[in-house]
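Here is a colleague's note to read with the sequence and the model open beside it. Please take the points in order and look up each residue as it is named.

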Amino acid sequence: MASVGVAGILVLAKLWAFAATGSLAIAASAADSALDLLVSATAFMAILYAARPPDADHAFGHSSAEDLAALAQAVAIAVAGAGIGFAAVDRIAGSAPPTLHAEGAGLVVMGLSIVLTLGLVLFQRRVARLTDNRIVAADSLHYLGDLIPNLGAIVSLVAAQQFGLVSVDTLVAFLAAGFMIVGASDLITDTKNIALRLGVSAAHKAAFSFLDREKPVGMGEFLSDRKVRNLQNRWARHPEGIRVLARGALSRLSLPAGTIEKILLHRNNHGLPHDVGEIIENPYILSEAFIGDDPADRIPWSAVDRAMLPSPDLGPRGAEELEIDDERRLRALMVDCLLREGVHSFLPVSELVKRANFRLARLPDWKRHQLNEHFFDVGADYLDEALTLRADENETVVYLSSVYQDERAVEKALAGLADREEMTLRRAISSDTWRRWLYREDSSLARKATEKYGSAVKEQEEIAARLLRQPLSVLAGTAGTGKTSVIQAIVRAVKSTDGDGTSIRILTPTGKAGDRVRELLREAKVPAQVDTIHSALASNGWLADNLTFHRRGGKKLDVGTLIVDETSMLDLELAAAFARMVDWDTVQRLVLVGDEGQLPPVGRGRVFADVIRWLEGERPEAIGRLQQNLRQLLNQIEGRGTAVLEVAGMFRANPAWHKMSTEQNGPDDTGATTLAQKDMLERLHAGGEIDTDLAVEFWSKPEELPALLINRLEQRMALKTGLKVDEEKPYLLWKDAFSKGPAAFQILTPHRGGSHGVENLNQACQRRRNASTIERLGVVDGLTLGDKVIQVRNRTRSNPLSAYDWNLRKVQDVEVFNGEIGMVKPSGMDAKGLAARMRSGRGKRLSRFAVEFARKPGLDVGYGKDIQRSDGRWGTVSASENLELGYAITVHKAQGSEFDETIIVLPQAESPLAMELVYTALTRATGHCTLLLKDDISSLLKARRRENAQVPSISSWLFQRNKADPLLRDRSWYEEGRIHKALSGDMVRSKSEVIIANLLHEKDVRFAYESPLVAKDGSMHLPDFTITSGGKTTFWEHLGMLDKANYVERWERKRLWYDQWFPGQLVTTKEGPDLSEDSAKLISNLVERKISAQSRL
């Protein structure tokens, strides 16, 4: 691209100069530059084509296009040289000498040409050296050739201007042509010997024979003896194994040069065995074990398979003995399938074989193979190197061996703690002391809700005192129950009983979670060291440069009390790295803190849920569940509404679901939809202001969503700030709304893409907030002043950012973590100039900016060009590599964060939303929440179904097996209104309802469970069962709590509603010993009606 741009500029400049001077030397140079433009453009397209991966017609890639393009360039150079030579000869032979004029203008243009051309040649030489690219090397040669005619043109112009020697112009043109022809001849011969080989095999043999000090015909003929010797010596210095690997499998793989270097020279740092012989013996190890610059940088199985089993029509196989059913090939495929499974800790043998066969069936005929489960019965020793099999009484499952070892590492660490006796405290802590640490006399709760607040604090006291004595414990609670208050009380207690010198560490899975805990402890004036788990791993040598975890060799963490916050976010791999890092002999207590209702971790497993399930059976006293919600109580007494947490509670998975698989656990009444919950769902259906803390609006057309969202957001901003929306200057409202920090308002959505996704909503918000700023100041990597942004990359101590500290008045290093939000502001030195440009439209445009993050007040973190570092140097900090717009973020990104107000956008997705996702989204707001729902509340209703709870559907075997139902692993079976096809006792919400559902299923009566029923006035109810039989629809309600007065009152209102809108269509059953008999009679009537209707047809 650089050469295309330079050539274009030179063509225009030289044509103008030729017209001005009449110089043939300039004309020759202009013609050459025009040719350069054509050749460079062709070369650029060739490079793009050569970069394509191998395919069926090009088993070893498309890189020969580079050689052919280089050959074409060389021919073009020679042709151009010949053309210029003929023009020079013609002028020499002419009778009248040429006349040159405006030589000064020509000198300026040719001087510019030399500067641009020399810069381009130096740049191309560097690129060619780094990439070994023939096209770039050829391109640099013909641009080097340009320097000669350019210099010659200057000589001819000076000679004509100063001495009147116009014939010099013709002579220089002739000499330049000769240089181009001679200079190209070497390149023509060299590229010809590579590009016109007798096929891939011959080229391969010739290249490596040359390196092995042989002299194949056509190889290295135009290299100097010293260059040849240096290349061959460099090759010979590598051990034999390296040379065998490079000559063999690696030469057939289409891999970047950096990846090949890692494989050959740095294997230990990238997951590969030290002994290169193992890779030579089994190249498929590359797909099983290699990890490049980050955990996602892997070599896919398909890439190795293409190299090892190329098409029979395109050349020999990678290994003569390799067959399509070779155990190395099939084991690697199994590993690849398990690597792609990023949620479950293992897969049943049957499921893994199914996935592998699906992959194999998509290959060409000559590579296909049909696997069966007996594959695991043969060659078990070989399989054990990468896979681990484990069986219970029902089936056998397959792990990646590394994942199996991770589970055992976590088990060993936690079981060792749980086996210890309850601790005896050195100093007793009285109830009054606990109360002093937990009860806030100056709080609104203490003044306005003394009794209820006292009861909640009493619960916290009891739990804190109990957990303090446990070597291993869990503190669980929903948002607003005061988990952090209990943490600070436990920290105080540890210091009181063990002394101020005792070591306490609080670790979090994310930096933003750590900042939140640190801030709350600072407010409580409780000193404690808070770090991220990754930071602790890195500082102790357990975190590799590519962000993978070492499995041995790091320094052990010596600590007395460990507290892990937001434990639900720990995936199995991170939990295992943590377990390996800690010296458990020094640990007195470990407290795991979290919310069971939150989303599962992004990676594999469900560690927090498994630990809780295990402790409930082994050591129930080690679990403390906070039940009383202080945030909800505060909202009640201050009139701020309680609907958000009430609705969130409807999406909190029943803890019993975490204990057993669906096959082991029958339905229970704790999952039933209460009448109060049904009333709330009906209010949500009606929309509008549900309470002072919750509103619901609906959207239909995707193109209408951004405008509706912004309108609703600005309404809330106006209400919060007291300002009105100025359509000409909307940025004034937005600026004031975020004046107290970026957490004032936050849009949440489940997805990044689509009309409702993060990217689309962020663009809409930026256009509304900053259209005028972008027009006047521009953007840096898509961001401008006033934007709300989110950091998307961890910048830890080993790779910090630079920030100006307004308190210390100096630049210092600062850690910024993935998920932190902030506001873009001017860099201090640019503020006045940018303000002037906003007013006048003149002056410097935006080239850098600062971000002030929510939990880093007084720190301006720099991004863009010319950012000062703490060591005094200046450099560029890429905004695009670190930041994204943050007006809207995904619900997953919001985990561990809280916002004053949220707007949650929920679509009607093909795959139902997860129950935990809705719960997590709702509990992010501390003040007000607006739900923007697509069409109706069906997205919420689907999310409430048990099969859409994610955590119970994850297969894991930490202490006990959690066997996810196959239906829950594969959602493709899910079909609204046909849930009875998957009837297993847990798809309805109570024991009584499952009796009815099973009876309906046995009689083949189709039904829909809790399907919304909307009347003509827009009101809605959820019948327990909706049944269509004999052309008539019947609504079945089961009355389970007629012994409760409020239930009876609500049911009476609901019965009147049915009478008004759906008369004669309601049937009911009551809770009692005759339920089965009564249900059977009703179903019999429905079946008779169906038979009667069919007989009339």
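The numbered points below go from the whole chain to single residues.

1. The model is a predicted one, and its confidence should be read before anything else. The mean pLDDT of the protein is 81, and 76% of its residues reach 70 or more. Two stretches call for caution: residues 660–670 have pLDDT below 50, although the model gives this stretch 25 contacts beyond near neighbours in sequence, and residues 966–986 also have pLDDT below 50, with 44 such contacts in the model.

2. As to the overall make-up, the protein has 1097 residues, of which 53% count as buried, and its secondary structure comes to 40 helices and 29 strands. When contacts between residues at least 6 apart in sequence are taken, 70% of them join residues at least 24 apart.

3. The nonpolar interior deserves a careful look. In soluble globular proteins, nonpolar side chains tend to be buried together. Here the largest nonpolar core has 96 residues, and the members that touch the most others are Phe376, Phe578 and Leu590. Helix H25, which covers residues 572–581, gives the most to this core, with 8 residues. A second core, separate from it, has 46 residues, including Leu713, Ala737, Leu834 and Leu883.

4. Phe376 is a good residue to select on the screen. Once its neighbours within four places in sequence are left aside, Phe376 is in contact with Met334, Val349, Leu352, Val353, Leu383, Leu387, Leu389 and Val398.

5. On the aromatic residues, a search of the whole structure finds 19 aromatic pairs. One of them joins Tyr804 and Trp806, whose ring centres are 4.9 Å apart and whose planes stand at 80 degrees, so this pair is edge-to-face; the cut-off behind that step is an angle over 60 degrees. Both residues are partly exposed, Tyr804 with a relative accessible area of 27% and Trp806 with 36%.

6. A further aromatic group is the cluster formed by Phe346, Tyr399, Tyr404 and Trp957. Trp957 also has a charged partner, since Arg390 lies over the face of its ring at 4.1 Å from the ring centre. In another such arrangement, Arg331 lies over the face of Tyr382, with 4.1 Å to the ring centre.

7. Which backbone angles should a reader check? Most residues other than glycine have a negative phi, and most peptide bonds are trans. Asp935 has a positive phi, near 70 degrees; this residue lies in the loop between strand E23 (925–934) and helix H36 (938–943), and it is partly exposed, with a relative accessible area of 39%. Glu1010 has a positive phi as well, near 50 degrees, and its place is in the loop between strand E24 (1007–1009) and strand E25 (1013–1014). Glu1010 counts as buried, because its relative accessibility of 8% is under the 20% cut-off.

8. How many disulfides does the structure hold? The number is 0. Two cysteines can still be described by their surroundings: Cys337 is buried, with a relative accessible area of 5%, and Cys765 also counts as buried, at 1% relative accessibility.

9. Is Tyr284 buried or exposed? At 1% relative accessibility, Tyr284 counts as buried, and it is found in the loop between helix H12 (276–281) and helix H13 (285–289). Not counting residues up to four places away in sequence, Tyr284 touches Trp301, Val304, Asp305, Met308, Leu309, Leu322, Arg328, Arg329 and Ala332. The C-alpha atoms of Tyr284 and Met308 are separated by 8.7 Å, and the two residues are 24 apart along the chain.

10. The last residue to inspect is Glu852, whose place is in strand E17 (residues 848–853) and which is partly exposed, with a relative accessible area of 27%. Glu852 and Met823 are 29 residues apart in sequence, yet their C-alpha atoms are 5.6 Å apart in space. Leaving out residues up to four places away in sequence, Glu852 touches Gly822, Met823, Lys825, Pro857, Gly858, Leu859 and Asp860.

Methods. Residues are numbered from 1 along each chain as its sequence is written. Side-chain values use heavy atoms; hydrogens and water are left out. Rings of Phe, Tyr and Trp (its six-membered ring) pair if their centres lie within 6.5 Å; planes under 30 degrees apart count as stacked, over 60 as edge-to-face and the rest as tilted. Buried means under 20% relative accessible area, exposed over 50%, partly exposed in between (1.4 Å probe, protein chains only). A charge sits over a ring if NZ of Lys or CZ of Arg is within 6 Å of the ring centre and within 35 degrees of the ring normal. Helices (H or I, at least four residues) and strands (E, at least two) are DSSP runs, numbered from the N terminus. A nonpolar core is a set of buried Ala, Val, Leu, Ile, Met, Phe, Trp, Tyr and Cys residues joined through side-chain atoms within 4.5 Å. Contact means heavy atoms within 4.5 Å. A disulfide is a pair of cysteine sulfur atoms within 2.5 Å. pLDDT is the predictor's confidence in each residue, from 0 to 100.
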